[in-house]
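Please read the following account with the sequence and the coordinates at hand. It passes from exposure to the sheet, then to charged contacts, and ends with the loops.

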Amino acid sequence: MVRLFNIVMREDEISCDYEPETCNMIGHVVIDTKSFEVKRVRFSDHEVSKKMYVAHVRSELEKILTSKSQIPKEITAVWY
């Protein structure tokens with residue numbers, strides 16, 4: 001589970017803060033709005049060596065962009 005918040009859209013990028021597993025260790029991701037590539041990332045200290053949370057954050061930001069709907073204040077991604 002990862003919580004995305006402080007979601008902000010700028011000219012050619014969308015960014016957010018993220019919190020894995022309600023651990024209170026916050027990371028930050030910026031992706032390109034056209035290519036959906038990660039431009040910058042500050043990993044959460046919770047991630048250690050696996051970067052799976054950033055992959056889920058990128059996927060959720062891509063869903064927001066492709067849906068053309070209003071940008072939410074916060075979302076939570078859950079997977080099994």
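In what follows, a residue is called buried under 20% relative accessible area, exposed over 50%, and partly exposed in between. By that scale Lys 39 is partly exposed, because its relative accessible area is 34%. The coordinates under discussion belong to a predicted model, and every value quoted here should be read in that light.

The sheet is a convenient place to begin. Five strands make up an open sheet, arranged in the order 4-3-2-1-5, and their pairing is antiparallel. Its edges are formed by strand 4, covering residues 38-42, and by strand 5, covering residues 74-77, each of which pairs on one side only. On average, and with direction ignored, neighbouring strands of this sheet are turned by 25° against each other. As general background, the strands of a sheet pair through backbone hydrogen bonds, in either a parallel or an antiparallel manner. Within this sheet, strand 1 (residues 2-10) and strand 2 (residues 13-20) are joined by seven bridges in the antiparallel sense. Where strand 1 meets strand 2, Val 2 has Pro 20 as its bridge partner.

With the strands placed, the charged side chains can be considered. The structure contains seven salt bridges, and one of these brings together the side chains of Arg 3 and Glu 74, with a distance of 3.0 Å from N to O. Since Arg 3 belongs to strand 1 and Glu 74 to strand 5, this pair ties together parts that lie 71 residues apart in sequence. Arg 3 counts as partly exposed because its relative accessibility is 24%, and Glu 74, at 43% relative accessibility, also counts as partly exposed.

A further group of charged contacts involves Glu 13. What are the salt-bridge partners of Glu 13 in strand 4? One is Lys 39, whose salt bridge with Glu 13 has its closest N and O atoms 3.0 Å apart. This contact links distant parts of the chain, given that Glu 13 sits in strand 2 and Lys 39 in strand 4, 26 residues apart. The other is Arg 40, which forms a salt bridge with Glu 13 in which the closest N and O atoms are 3.2 Å apart. Here too distant parts of the chain are linked, with Arg 40 in strand 4 and Glu 13 in strand 2, 27 residues apart. Through shared partners, salt bridges join Asp 12, Glu 13, Lys 39 and Arg 40 into one network. As for exposure, Glu 13 counts as buried because its relative accessibility is 12%, whereas Arg 40, at 45% relative accessibility, counts as partly exposed.

Strand 4 also offers a nonpolar feature. Val 38, Val 41 and Phe 43 make a nonpolar surface patch of about 200 Å². Of these residues, Val 41 lies in strand 4, and Val 41 is classed as partly exposed because its relative accessible area is 33%.

The loops remain to be described, and the one between strand 2 and strand 3 (27-32) holds Asn 24. Asn 24 has a phi near 70°, which is a positive value in a residue other than glycine. Its relative accessible area is 65%, so Asn 24 is exposed. Is the residue whose side chain approaches its backbone, Glu 19, buried or exposed? Glu 19, which lies in strand 2, is buried because its relative accessible area is 7%. A polar atom of the Glu 19 side chain lies 2.8 Å from the backbone nitrogen of Asn 24.

A second positive phi occurs at Lys 68, where the angle is near 60° and the residue is again other than glycine. Lys 68 lies in the loop that runs between helix 1 (52-67) and strand 5, and with a relative accessible area of 73% Lys 68 is exposed.

Finally, the loop between strand 3 and strand 4 is the place of Ser 35, which counts as partly exposed because its relative accessibility is 39%. From C-alpha to C-alpha, Ser 35 and Met 9 are 15 Å apart in space, and in sequence they are separated by 26 residues.

Technical notes
Residues are numbered from 1 along each chain as its sequence is written. This is a predicted model: local features need pLDDT of at least 70, side-chain atom pairs count only at pLDDT 80 or more; totals for chains, interfaces and linings use all residues. Side-chain values use heavy atoms; hydrogens and water are left out. Two strands pair if DSSP finds at least two bridges between them. Helices (H or I, at least four residues) and strands (E, at least two) are DSSP runs, numbered from the N terminus. Axes are lines fitted to C-alpha atoms, for helices over the stretch in contact, and angles run from 0 to 180 degrees between N-to-C directions. A salt bridge is a side-chain nitrogen of Lys or Arg within 4 Å of a carboxyl oxygen of Asp or Glu. Buried means under 20% relative accessible area, exposed over 50%, partly exposed in between (1.4 Å probe, protein chains only). Patches are made of residues with over 30% relative accessible area and no salt bridge: like charges are joined within 9 Å, nonpolar side chains (Val, Leu, Ile, Met, Phe, Trp, Tyr) within 5 Å. Accessible areas come from the Shrake-Rupley method with a 1.4 Å probe; for residues, only the protein chains shown count as cover. A polar contact is a pair of N or O atoms within 3.5 Å; within protein, one must be able to donate a hydrogen and the other to accept it, and residues adjacent in sequence count only if both atoms are side-chain atoms.
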